[in-house]
Amino acid sequence: MNTNGARLGLMERLAEGPVICAEGYLFELERRGYLQAGAFVPEVVLDHPEEVSQLHRQFVHAGSDVVEAFTYYAHREKLRLIGREEALEQINRQALAIAKEVADDTETLLAGNICNTNVYGPEDEESIRETRKMFEEQVGWAVEAGVDFIIGETFSYAGEALIAAEVIKESGLPGVVTLTVHRDPETREGWTVPDACKRVEDAGADVVGLNCIRGPWTMLPLLREIVPAVSVPVAALPVPYRTHEGHESFQSLHDPDYDKFPTGIPFPTALDPFTCNRYEISDFTREAYDLGVRYFGVCCGAAPHHIRSMAEALGRTPPASRYSEDMSKHAFLGTDPTLRSQNTEFSDKM
Ligand SMILES: [Zn+2]
(Lines give C-alpha, C1' and ligand atoms only; values in the text may rest on other atoms or scores of the structure.)
Protein backbone atom coordinates (compact mmCIF):
# COMPACT_ATOMS: atom_id res chain seq x y z
CA MET A 1 0.00 0.00 0.00
CA ASN A 2 1.16 3.56 -0.60
CA THR A 3 0.30 6.53 1.63
CA ASN A 4 -3.08 6.90 -0.13
CA GLY A 5 -3.94 3.30 0.71
CA ALA A 6 -3.77 2.18 -2.93
CA ARG A 7 -2.07 -1.04 -3.94
CA LEU A 8 1.49 -0.43 -5.15
CA GLY A 9 2.31 -1.09 -8.80
CA LEU A 10 5.32 -3.04 -10.04
CA MET A 11 7.67 -0.09 -10.42
CA GLU A 12 6.72 1.35 -7.01
CA ARG A 13 7.39 -2.03 -5.41
CA LEU A 14 10.74 -2.30 -7.18
CA ALA A 15 11.66 1.15 -5.91
CA GLU A 16 11.12 -0.19 -2.37
CA GLY A 17 12.86 -3.54 -2.75
CA PRO A 18 13.03 -6.78 -4.68
CA VAL A 19 9.99 -8.40 -6.32
CA ILE A 20 9.44 -12.15 -6.72
CA CYS A 21 7.48 -13.63 -9.61
CA ALA A 22 7.03 -17.41 -9.50
CA GLU A 23 6.98 -19.12 -12.88
CA GLY A 24 7.42 -22.64 -14.19
CA TYR A 25 3.74 -23.53 -14.60
CA LEU A 26 4.33 -25.68 -17.69
CA PHE A 27 6.77 -28.06 -16.03
CA GLU A 28 4.95 -28.25 -12.70
CA LEU A 29 1.54 -28.98 -14.24
CA GLU A 30 3.21 -31.50 -16.59
CA ARG A 31 4.67 -33.31 -13.56
CA ARG A 32 1.26 -33.25 -11.87
CA GLY A 33 -0.34 -34.91 -14.90
CA TYR A 34 -2.38 -32.02 -16.30
CA LEU A 35 -0.30 -30.87 -19.26
CA GLN A 36 1.41 -32.67 -22.14
CA ALA A 37 5.16 -32.43 -22.66
CA GLY A 38 6.03 -31.81 -26.31
CA ALA A 39 3.68 -29.16 -27.65
CA PHE A 40 3.52 -27.73 -24.09
CA VAL A 41 0.26 -25.82 -24.62
CA PRO A 42 -1.60 -24.65 -21.47
CA GLU A 43 -4.98 -26.24 -22.35
CA VAL A 44 -5.14 -27.00 -18.63
CA VAL A 45 -6.69 -23.56 -18.06
CA LEU A 46 -9.81 -24.90 -19.81
CA ASP A 47 -9.57 -28.57 -18.79
CA HIS A 48 -8.63 -28.15 -15.11
CA PRO A 49 -8.82 -24.47 -14.10
CA GLU A 50 -8.85 -25.46 -10.43
CA GLU A 51 -5.35 -26.94 -10.77
CA VAL A 52 -3.98 -23.71 -12.26
CA SER A 53 -5.69 -21.64 -9.58
CA GLN A 54 -4.33 -23.93 -6.86
CA LEU A 55 -0.78 -23.65 -8.19
CA HIS A 56 -1.05 -19.85 -8.34
CA ARG A 57 -2.15 -19.88 -4.70
CA GLN A 58 0.65 -22.24 -3.66
CA PHE A 59 3.24 -19.96 -5.24
CA VAL A 60 1.77 -16.88 -3.50
CA HIS A 61 1.74 -18.81 -0.20
CA ALA A 62 5.43 -19.54 -0.84
CA GLY A 63 6.29 -15.88 -1.42
CA SER A 64 5.45 -14.78 -4.95
CA ASP A 65 4.46 -11.11 -5.20
CA VAL A 66 2.98 -11.67 -8.65
CA VAL A 67 0.39 -13.97 -10.19
CA GLU A 68 1.37 -14.43 -13.80
CA ALA A 69 -1.49 -15.45 -16.09
CA PHE A 70 -0.71 -18.84 -17.59
CA THR A 71 -0.71 -17.73 -21.23
CA TYR A 72 2.81 -18.96 -21.94
CA TYR A 73 2.60 -20.70 -25.35
CA ALA A 74 -1.12 -19.85 -25.55
CA HIS A 75 -0.39 -18.13 -28.84
CA ARG A 76 -1.56 -18.57 -32.42
CA GLU A 77 1.41 -20.67 -33.59
CA LYS A 78 1.14 -23.20 -30.74
CA LEU A 79 -2.64 -23.50 -31.07
CA ARG A 80 -2.27 -24.03 -34.82
CA LEU A 81 0.17 -26.84 -34.06
CA ILE A 82 -2.39 -28.69 -31.93
CA GLY A 83 -5.32 -27.81 -34.22
CA ARG A 84 -7.08 -25.57 -31.69
CA GLU A 85 -6.75 -22.04 -33.11
CA GLU A 86 -10.47 -21.58 -32.46
CA ALA A 87 -9.73 -21.76 -28.70
CA LEU A 88 -7.02 -19.06 -28.74
CA GLU A 89 -9.04 -16.22 -27.29
CA GLN A 90 -10.89 -18.48 -24.84
CA ILE A 91 -7.63 -19.90 -23.43
CA ASN A 92 -6.12 -16.44 -23.02
CA ARG A 93 -9.18 -14.91 -21.39
CA GLN A 94 -9.65 -17.91 -19.11
CA ALA A 95 -5.98 -17.92 -18.01
CA LEU A 96 -6.21 -14.21 -17.25
CA ALA A 97 -9.47 -14.65 -15.30
CA ILE A 98 -8.00 -17.48 -13.18
CA ALA A 99 -4.90 -15.43 -12.35
CA LYS A 100 -6.95 -12.28 -11.66
CA GLU A 101 -9.13 -14.04 -9.11
CA VAL A 102 -6.06 -15.22 -7.18
CA ALA A 103 -4.28 -11.86 -7.45
CA ASP A 104 -7.39 -10.05 -6.18
CA ASP A 105 -7.85 -12.49 -3.29
CA THR A 106 -4.20 -12.34 -2.24
CA GLU A 107 -3.51 -8.64 -3.04
CA THR A 108 -0.64 -9.58 -5.33
CA LEU A 109 0.20 -8.09 -8.71
CA LEU A 110 -1.45 -9.53 -11.82
CA ALA A 111 0.82 -9.99 -14.84
CA GLY A 112 -0.05 -10.75 -18.45
CA ASN A 113 2.39 -12.85 -20.45
CA ILE A 114 3.70 -13.13 -23.99
CA CYS A 115 6.64 -15.26 -25.09
CA ASN A 116 8.76 -16.62 -27.94
CA THR A 117 6.51 -17.18 -30.95
CA ASN A 118 8.69 -19.78 -32.70
CA VAL A 119 7.67 -17.91 -35.85
CA TYR A 120 10.05 -14.93 -35.72
CA GLY A 121 13.00 -14.93 -38.09
CA PRO A 122 15.35 -11.93 -38.09
CA GLU A 123 15.54 -11.72 -41.92
CA ASP A 124 11.89 -12.58 -42.61
CA GLU A 125 9.67 -9.49 -42.85
CA GLU A 126 6.48 -11.56 -43.01
CA SER A 127 7.44 -13.36 -39.77
CA ILE A 128 8.19 -10.04 -38.09
CA ARG A 129 4.71 -8.74 -38.99
CA GLU A 130 3.16 -11.99 -37.80
CA THR A 131 5.08 -11.84 -34.50
CA ARG A 132 3.89 -8.30 -33.83
CA LYS A 133 0.28 -9.32 -34.55
CA MET A 134 0.56 -12.30 -32.19
CA PHE A 135 1.88 -10.04 -29.42
CA GLU A 136 -0.75 -7.38 -30.05
CA GLU A 137 -3.66 -9.77 -29.73
CA GLN A 138 -2.37 -11.33 -26.50
CA VAL A 139 -1.40 -7.98 -24.97
CA GLY A 140 -4.86 -6.68 -25.90
CA TRP A 141 -6.57 -9.45 -23.95
CA ALA A 142 -4.25 -8.87 -20.98
CA VAL A 143 -5.02 -5.14 -20.94
CA GLU A 144 -8.76 -5.88 -21.06
CA ALA A 145 -8.35 -8.22 -18.09
CA GLY A 146 -6.86 -5.36 -16.07
CA VAL A 147 -3.30 -6.65 -15.56
CA ASP A 148 -0.83 -4.52 -13.60
CA PHE A 149 2.03 -5.21 -15.99
CA ILE A 150 3.06 -7.51 -18.82
CA ILE A 151 5.87 -10.02 -19.01
CA GLY A 152 7.51 -10.81 -22.35
CA GLU A 153 9.85 -13.74 -21.90
CA THR A 154 12.07 -16.51 -23.20
CA PHE A 155 13.29 -14.65 -26.27
CA SER A 156 16.46 -16.15 -27.71
CA TYR A 157 16.29 -13.71 -30.63
CA ALA A 158 16.76 -10.25 -29.12
CA GLY A 159 14.98 -8.83 -32.18
CA GLU A 160 11.83 -10.63 -31.08
CA ALA A 161 12.25 -9.18 -27.56
CA LEU A 162 12.47 -5.69 -29.07
CA ILE A 163 9.08 -6.19 -30.75
CA ALA A 164 7.64 -7.47 -27.46
CA ALA A 165 9.02 -4.42 -25.60
CA GLU A 166 7.51 -2.07 -28.20
CA VAL A 167 4.08 -3.72 -28.17
CA ILE A 168 3.95 -3.72 -24.36
CA LYS A 169 5.08 -0.09 -24.28
CA GLU A 170 2.25 0.83 -26.67
CA SER A 171 -0.23 -0.70 -24.18
CA GLY A 172 0.81 1.91 -21.60
CA LEU A 173 1.58 -0.75 -18.97
CA PRO A 174 4.98 -1.53 -17.43
CA GLY A 175 6.85 -4.32 -19.20
CA VAL A 176 9.29 -6.94 -17.94
CA VAL A 177 11.15 -8.34 -20.95
CA THR A 178 13.62 -11.17 -20.49
CA LEU A 179 15.94 -12.87 -22.93
CA THR A 180 16.90 -16.50 -22.78
CA VAL A 181 20.47 -17.54 -23.49
CA HIS A 182 21.39 -21.01 -24.70
CA ARG A 183 24.85 -22.62 -24.57
CA ASP A 184 26.69 -19.78 -26.30
CA PRO A 185 26.70 -16.58 -24.22
CA GLU A 186 24.95 -14.51 -26.90
CA THR A 187 21.56 -14.05 -28.56
CA ARG A 188 20.69 -16.09 -31.64
CA GLU A 189 21.55 -13.08 -33.82
CA GLY A 190 24.99 -13.08 -32.21
CA TRP A 191 24.54 -9.94 -30.07
CA THR A 192 26.29 -9.86 -26.73
CA VAL A 193 23.91 -10.29 -23.81
CA PRO A 194 24.55 -6.87 -22.17
CA ASP A 195 24.17 -5.12 -25.53
CA ALA A 196 20.93 -6.97 -26.23
CA CYS A 197 19.55 -6.05 -22.79
CA LYS A 198 20.45 -2.41 -23.33
CA ARG A 199 18.61 -2.43 -26.66
CA VAL A 200 15.55 -4.03 -25.02
CA GLU A 201 15.63 -1.26 -22.42
CA ASP A 202 15.88 1.35 -25.19
CA ALA A 203 12.86 -0.26 -26.91
CA GLY A 204 10.79 0.57 -23.83
CA ALA A 205 11.10 -2.30 -21.32
CA ASP A 206 10.91 -1.22 -17.67
CA VAL A 207 12.73 -4.31 -16.41
CA VAL A 208 15.17 -6.40 -18.47
CA GLY A 209 17.11 -9.58 -17.79
CA LEU A 210 17.11 -13.33 -18.31
CA ASN A 211 14.75 -16.22 -17.80
CA CYS A 212 14.75 -19.97 -18.47
CA ILE A 213 17.25 -22.32 -20.18
CA ARG A 214 20.21 -21.64 -17.86
CA GLY A 215 20.41 -22.72 -14.23
CA PRO A 216 21.70 -20.49 -11.42
CA TRP A 217 25.41 -21.11 -11.92
CA THR A 218 25.54 -20.48 -15.67
CA MET A 219 23.17 -17.49 -15.45
CA LEU A 220 25.12 -15.58 -12.78
CA PRO A 221 28.13 -14.67 -14.97
CA LEU A 222 25.75 -13.13 -17.54
CA LEU A 223 23.88 -11.18 -14.86
CA ARG A 224 27.19 -9.73 -13.70
CA GLU A 225 27.59 -8.17 -17.16
CA ILE A 226 23.98 -7.05 -17.57
CA VAL A 227 23.59 -5.01 -14.37
CA PRO A 228 26.17 -2.32 -15.21
CA ALA A 229 25.02 -2.18 -18.87
CA VAL A 230 21.44 -1.05 -18.19
CA SER A 231 19.73 1.61 -16.07
CA VAL A 232 16.47 -0.26 -15.32
CA PRO A 233 15.95 -3.03 -12.71
CA VAL A 234 17.41 -6.39 -13.77
CA ALA A 235 15.43 -9.65 -13.70
CA ALA A 236 16.80 -13.15 -13.12
CA LEU A 237 14.63 -16.27 -13.39
CA PRO A 238 16.87 -19.30 -13.90
CA VAL A 239 15.68 -22.87 -14.25
CA PRO A 240 16.35 -24.79 -11.00
CA TYR A 241 18.78 -27.24 -12.58
CA ARG A 242 22.51 -27.74 -12.08
CA THR A 243 23.76 -26.45 -15.40
CA HIS A 244 27.52 -25.99 -15.51
CA GLU A 245 30.46 -25.21 -17.77
CA GLY A 246 30.18 -27.19 -20.99
CA HIS A 247 26.49 -27.83 -20.22
CA GLU A 248 25.23 -24.29 -19.79
CA SER A 249 21.61 -25.00 -20.79
CA PHE A 250 19.16 -27.53 -19.37
CA GLN A 251 18.75 -29.03 -22.84
CA SER A 252 22.47 -29.87 -22.90
CA LEU A 253 22.56 -31.77 -19.59
CA HIS A 254 23.61 -35.43 -19.76
CA ASP A 255 22.92 -37.99 -17.08
CA PRO A 256 25.88 -40.30 -16.38
CA ASP A 257 23.60 -42.75 -14.50
CA TYR A 258 20.82 -43.25 -17.05
CA ASP A 259 20.57 -43.17 -20.83
CA LYS A 260 17.28 -44.75 -21.86
CA PHE A 261 15.43 -41.49 -22.52
CA PRO A 262 12.81 -41.42 -25.31
CA THR A 263 14.49 -38.30 -26.75
CA GLY A 264 18.06 -39.41 -26.01
CA ILE A 265 18.50 -36.59 -23.47
CA PRO A 266 17.10 -35.83 -20.01
CA PHE A 267 15.32 -32.67 -21.25
CA PRO A 268 12.46 -32.12 -20.67
CA THR A 269 10.92 -34.98 -18.70
CA ALA A 270 13.88 -36.58 -16.89
CA LEU A 271 15.72 -33.61 -15.41
CA ASP A 272 14.88 -34.69 -11.84
CA PRO A 273 18.42 -35.73 -10.80
CA PHE A 274 19.74 -32.28 -11.74
CA THR A 275 17.20 -30.35 -9.66
CA CYS A 276 18.66 -27.65 -7.43
CA ASN A 277 17.85 -28.01 -3.79
CA ARG A 278 16.32 -25.15 -1.83
CA TYR A 279 19.69 -24.11 -0.37
CA GLU A 280 21.18 -23.68 -3.83
CA ILE A 281 18.26 -21.40 -4.71
CA SER A 282 18.98 -19.35 -1.56
CA ASP A 283 22.65 -19.12 -2.50
CA PHE A 284 21.76 -17.98 -6.00
CA THR A 285 19.28 -15.40 -4.72
CA ARG A 286 21.81 -13.82 -2.36
CA GLU A 287 24.54 -13.75 -5.01
CA ALA A 288 22.23 -12.27 -7.64
CA TYR A 289 20.93 -9.69 -5.16
CA ASP A 290 24.51 -8.68 -4.35
CA LEU A 291 25.15 -8.22 -8.08
CA GLY A 292 22.19 -5.82 -8.21
CA VAL A 293 19.35 -8.05 -9.48
CA ARG A 294 15.97 -6.87 -8.15
CA TYR A 295 13.30 -8.91 -9.95
CA PHE A 296 13.50 -12.58 -9.04
CA GLY A 297 11.86 -15.84 -9.94
CA VAL A 298 12.46 -19.44 -10.89
CA CYS A 299 11.45 -20.76 -14.31
CA CYS A 300 10.73 -24.28 -15.68
CA GLY A 301 11.18 -26.85 -12.92
CA ALA A 302 10.31 -24.49 -10.07
CA ALA A 303 8.24 -25.78 -7.19
CA PRO A 304 6.88 -23.82 -4.22
CA HIS A 305 9.77 -24.79 -1.91
CA HIS A 306 12.16 -23.02 -4.30
CA ILE A 307 10.09 -19.84 -4.15
CA ARG A 308 9.96 -19.96 -0.35
CA SER A 309 13.77 -20.26 -0.25
CA MET A 310 14.07 -17.31 -2.60
CA ALA A 311 11.72 -15.23 -0.43
CA GLU A 312 13.53 -16.16 2.78
CA ALA A 313 16.92 -15.39 1.21
CA LEU A 314 15.55 -11.89 0.58
CA GLY A 315 14.59 -11.56 4.25
CA ARG A 316 10.89 -12.31 3.83
CA THR A 317 8.64 -14.59 5.85
CA PRO A 318 5.86 -15.68 3.48
CA PRO A 319 2.95 -17.71 4.94
CA ALA A 320 4.78 -20.93 3.98
CA SER A 321 7.65 -19.96 6.32
CA ARG A 322 5.45 -21.15 9.17
CA TYR A 323 6.48 -24.63 8.01
CA SER A 324 10.14 -23.98 7.31
CA GLU A 325 12.26 -26.68 8.85
CA ASP A 326 13.01 -27.03 12.55
CA MET A 327 15.21 -30.11 12.74
CA SER A 328 15.75 -29.68 16.50
CA LYS A 329 12.53 -31.71 16.93
CA HIS A 330 13.55 -34.57 14.67
CA ALA A 331 13.35 -37.91 16.50
CA PHE A 332 16.84 -39.05 15.44
CA LEU A 333 18.70 -35.90 14.31
CA GLY A 334 17.18 -33.41 16.73
CA THR A 335 18.56 -31.67 19.82
CA ASP A 336 15.40 -31.24 21.89
CA PRO A 337 16.27 -32.49 25.43
CA THR A 338 13.08 -34.56 25.63
CA LEU A 339 14.07 -36.72 22.64
CA ARG A 340 14.93 -40.33 23.48
CA SER A 341 18.65 -41.03 23.50
CA GLN A 342 18.13 -44.54 22.06
CA ASN A 343 17.12 -42.72 18.84
CA THR A 344 19.49 -39.74 18.87
CA GLU A 345 22.43 -42.05 19.55
CA PHE A 346 21.36 -44.19 16.59
CA SER A 347 21.52 -41.21 14.22
CA ASP A 348 24.95 -42.05 12.79
CA LYS A 349 23.75 -45.59 11.97
CA MET A 350 20.79 -44.46 9.91
ZN1 LIG B 1 11.25 -21.73 -18.39
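# A walk through the structure

Let us begin at Leu81, which is found in helix α5 (residues 76-81). Residues are numbered from 1 along each chain as its sequence is written. Please keep in mind that this is a predicted model, in which local features need pLDDT of at least 70 and side-chain atom pairs count only at pLDDT 80 or more, while totals for chains, interfaces and linings use all residues. The helices (H or I, at least four residues) and strands (E, at least two) are DSSP runs, numbered from the N terminus.

Is Leu81 buried or exposed? Leu81 falls in between and is partly exposed, because 14 other C-beta atoms lie within 10 Å. A residue counts as buried if 20 or more other C-beta atoms lie within 10 Å of its own, as exposed if 12 or fewer do, and as partly exposed in between, with C-beta atoms placed from the backbone. The C-alpha atoms of Leu81 and Ala39 are separated by 7.7 Å, although these residues are 42 apart along the chain.

Now step back to the sheet. Eight strands form an open sheet with parallel pairing, in the order β1-β8-β7-β6-β5-β4-β3-β2. At the edges are β1 (19-20) and β2 (66-68), each of which pairs on one side only. Two strands are said to pair if DSSP finds at least two bridges between them.

Glu68 gives us a look at the edge strand β2, where it is found. Glu68 is buried, because 30 other C-beta atoms lie within 10 Å. Leaving aside neighbours within four places in sequence, Glu68 is in contact with Cys21, Glu23, Ala99, Ala111, Asn113 and Ile151. Here, contact means that the C-beta atoms of two residues, placed from the backbone, lie within 7 Å.

Next, follow the sheet to strand β4 (residues 149-155), which pairs with β5 in the parallel sense over four bridges. One of the partnerships here joins Phe155 to Leu179 in β5. In the loop between α8 (158-171) and β5 you will find Leu173. Leu173 is partly exposed, because it has 19 other C-beta atoms within 10 Å. The C-alpha atoms of Leu173 and Phe149 are separated by 5.4 Å, with their positions 24 residues apart along the chain. Not counting residues up to four places away in sequence, Leu173 touches Val143, Val147, Phe149, Ile150 and Ile168.

Strand β5 (residues 175-179) also pairs with β6, again in the parallel sense over four bridges. Val177 has Val208 in β6 as its bridge partner. How many residues of strand β6 (residues 207-211) are buried? Five of its five residues are buried, and the strand is mostly covered. Val207, Gly209 and Asn211 point one way from β6, while Val208 and Leu210 point the other way.

How does the chain travel between these strands? β5, helix α9 (residues 193-202) and β6 make a right-handed β-α-β unit. Right-handed means that, with the strands pointing away from the viewer, the path from the first strand over the helix to the second runs clockwise. The chain then crosses from β6 through helix α10 (residues 216-229) to β7, and this β-α-β crossover is right-handed. β6 and strand β7 (residues 234-237) pair in the parallel sense over four bridges, and Val208 stands opposite Val234 in β7.

The helices of these crossovers meet one another. The axes of α9 and α10 come within 8 Å and cross at roughly 40°, which means that α9 is oblique to α10. Axes are lines fitted to C-alpha atoms, for helices over the stretch in contact, and angles run from 0 to 180 degrees between N-to-C directions. Angles under 35 degrees count as roughly parallel, over 145 as roughly antiparallel, 65 to 115 as roughly perpendicular and the rest as oblique. Val193, Pro194, Cys197 and Lys198 in α9 meet Leu222, Glu225, Ile226 and Ala229 in α10.

Let us finish with helix α12 (residues 304-313), which is mostly covered, with nine of its ten residues buried. Those buried residues pack against β1, α4 (49-62), α11 (278-291) and β8 (295-296). After α12 comes Gly315, whose phi is positive, near 85°. Tyr73, in the loop between β2 and α5, has a positive phi of about 65° although it is not a glycine. One more backbone detail is the peptide bond from Phe267 to Pro268, which is cis, with omega near -5°.
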